[in-house]
Amino acid sequence: MTPLAEHIGQLIRSGETVSLERFMALALGDPQYGYYMTRDPFGVEGDFTTAPEISQMFGELLGLWAAEVWALMGSPTQIHLIEFGPGRGTLMSDALRALQVAGNFAQALNVHLIETSPYLEAQQRETLAETPFKIEWHTSLDSVPEGPSIYFANEFFDALPIRHFVRYNEEWFEKVIGLEEDGSFYFGLDALPEPDIKAQAPEGTVLEIGAVAHRLMAALARRLLKHPGAALVIDYGHVETDFGETLQALQDHRAVDPLAEPGEADLTAHVDFAALARTAKAVGATVSGPVRQADFLSRLGIFERAAGLKRQATPRQAIEVDRALLRLVSTANEPGAGGAMAPGMGALFKVLAVTSPTLPPPPGFQEK
Ligand code: SAH
C-alpha cells in the first residue's frame, strides 16, 4: 500500500468524505506523496510523453505564435508570457529561443511559470538556466501580475481534479471513495443527492464536471477582459459535452486502476472543450476553436519548420524529425495507452484560444 493510500484511508476512517475530486487532488498534488511532487513523469522512462518532449518544433511554433499575438495586441511595451504546469520546462525553453527573432517582443517580455511541484520547478530552473530572460515562478495564477498577457497550457487542464455524479433513483449523487476492510478503495456514492444538477438521464449515467478547470477558466477570462491577451489551451478532450466519464490512470505507459496506488499513477480526464468555451464566453471573452492539433500546427507551419530542420540534419536526425512530426500531426487510429485503438495525437489533441474581445482571431484557427 502506498503512503498516500494509508493517509486517505485514515481520512475516510475518521469520517471525512473523500470525493473523487479530493482523491484526485491528493493523488496528484499532495505536498509529500502526490504524483507530480515526487518525480519526473515524462518521456520514455516515465509514464507518458508530451508534445514538447516529442519535438522542439512544438515549443518553437508556440513562441512564434505568441510573437504574432503580441503584434495583434498592438505590440505593448510590457507583456507577461505565462505557462501553466510547465513540466520539464521544455516548451518554454524552445519558445523563448525561437521568439528571439522578434526582437521587440523579446524585449517586452516578462516570463512567469505556474507550477505546484517543487520537484518539477527545480527541473524547469535547470532547463531554463541558460535563457537570457528573467523568469518568475508561482504556485497559482493569483500571484501573477495583471497586464497584457499570453498564457500557455499544454496538458495542464487534464490534470485538474474532476467530479463525478451518478444518476440513481432519478437524482444525482456524487461519487465518493469508500474503504474496504483490507485498506483498498472502491467507488461509492455520497449519502445525499446533489440538488443543483437538473439534467435528466437514464439510471446509472455518469456526469463528469471539471469544476476546478471552470473556476480557472473564469478567472482567466476575467483577466482577458481587463487587459488585452490570449490563452492557448492544448489538451486531449472532446468538442461536444456529453454524459460519460473519462478518468484514466497511467503508470509506465499502461492504463491501471485509478484507485489502486494513489500517488504512483498519473490521473487525468479528458478536457470538455465545449464546457470550457461556454465558461469563457459567459464571462465575456472571445473563443476560437477548438481545432485539431494537426490543423493548428500545420497552419503555424510545422511542415516548413520540419523541412528546415532536415536541411541541416544528418540522415539519422532527419528520420527523427519526420518521426516526431508524424507523432504530432497524425490523425489516423493507432494503439494508444493500454493498447486500445485511439486517434493519433493530431486528432486526439485539440487547441482552444480564449482572447480579449478586442482581439481578432489568433493565428492557427482559420483555414488558409
Ligand atoms: N506542460 C507540460 C507538462 C504537463 S504535466 C508538458 O506538456 O510537458 C502537468 C503539469 O502541471 C506538471 O508540471 C504538474 O506538476 C503541473 N500541475 C498539475 N496540477 C497543477 C496545479 N494545480 N497548479 C499548477 N501546476 C500544476
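In the predicted model, the ligand is surrounded by 17 residues, the closest being Thr-50, Gly-85, Gly-87, Glu-115 and Asn-154. Two of these closest residues, Glu-115 and Asn-154, also approach the ligand through polar side-chain atoms. For Glu-115, a polar side-chain atom is placed 2.6 Å from an oxygen atom of the ligand. For Asn-154, an N or O atom of the side chain is 2.7 Å from a ligand oxygen atom. A nitrogen atom of the ligand is in turn 3.4 Å from an N or O atom in the side chain of Thr-116. On its own the ligand has 570 Å² of accessible area, of which the protein covers 90%.

Glu-115 also belongs to the surroundings of His-138, a residue of strand β3 (residues 135-138). His-138 counts as buried because its relative accessibility is 7%, below the 20% cut-off. Beyond its neighbours within four places in sequence, His-138 is in contact with His-112, Leu-113, Ile-114 and Glu-115, and further with Ser-143, Val-144 and Pro-145.

A buried acidic residue, Glu-208, is located in strand β8 (residues 206-209). Glu-208 has no salt bridge, and the nearest side chain of opposite charge, that of Lys-175, is 7.5 Å away. This separation exceeds the 4 Å limit for a salt bridge. The side chain of Glu-208 instead makes polar contacts with the side chains of His-164, at 2.8 Å, and Thr-246, at 2.7 Å. Both partners recur among the contacts of Glu-208 that lie outside its neighbours within four places in sequence, which comprise Ile-162, Arg-163, His-164, Gly-244, Glu-245, Thr-246, Leu-247, Ala-269 and His-270.

Arg-163, one of the residues in contact with Glu-208, forms a salt bridge with Glu-174, the closest N and O atoms being 2.7 Å apart. Because Glu-174 lies in strand β6 and Arg-163 in strand β5, the pair ties together parts that are eleven residues apart in sequence. The two partners differ in exposure: Glu-174 counts as buried at 9% relative accessibility, whereas Arg-163 counts as partly exposed at 24%.

In the whole structure, 14 salt bridges are found. One of them joins Arg-97 to Asp-94, with 3.1 Å between the closest N and O atoms. These two residues are three residues apart in helix α5 (residues 90-98), so they are separated by about one helical turn. Arg-97 is partly exposed at 43% relative accessibility, while Asp-94 is buried at 7%. A further salt bridge links the side chains of Asp-295 and Arg-292, with an N to O distance of 3.1 Å. Both of its partners are partly exposed, Asp-295 at 23% relative accessibility and Arg-292 with a relative accessible area of 35%. Through shared partners, salt bridges also join Glu-60, Asp-94, Arg-97 and Arg-305 into one network.

Helix α2 (residues 20-29) is mostly covered, with seven of its ten residues buried. The buried positions are Leu-20, Glu-21, Phe-23, Met-24, Leu-26, Ala-27 and Leu-28. The elements that cover these residues include the helices α1 (3-13) and α8 (211-226), together with the strands β5 (163-168), β6 (171-179), β7 (185-189) and β12 (266-268). Strands β5 and β6, which contribute to this cover, are also those that hold Arg-163 and Glu-174, respectively.

Methods. Residues are numbered from 1 along each chain as its sequence is written. This is a predicted model: local features need pLDDT of at least 70, side-chain atom pairs count only at pLDDT 80 or more; totals for chains, interfaces and linings use all residues. Side-chain values use heavy atoms; hydrogens and water are left out. Helices (H or I, at least four residues) and strands (E, at least two) are DSSP runs, numbered from the N terminus. Buried means under 20% relative accessible area, exposed over 50%, partly exposed in between (1.4 Å probe, protein chains only). Lys and Arg count as positive and Asp and Glu as negative; His and the chain ends are not counted. A polar contact is a pair of N or O atoms within 3.5 Å; within protein, one must be able to donate a hydrogen and the other to accept it, and residues adjacent in sequence count only if both atoms are side-chain atoms. Contact means heavy atoms within 4.5 Å. A residue is near a molecule or strand if one of its heavy atoms lies within 4 Å of it. Accessible areas come from the Shrake-Rupley method with a 1.4 Å probe; for residues, only the protein chains shown count as cover.
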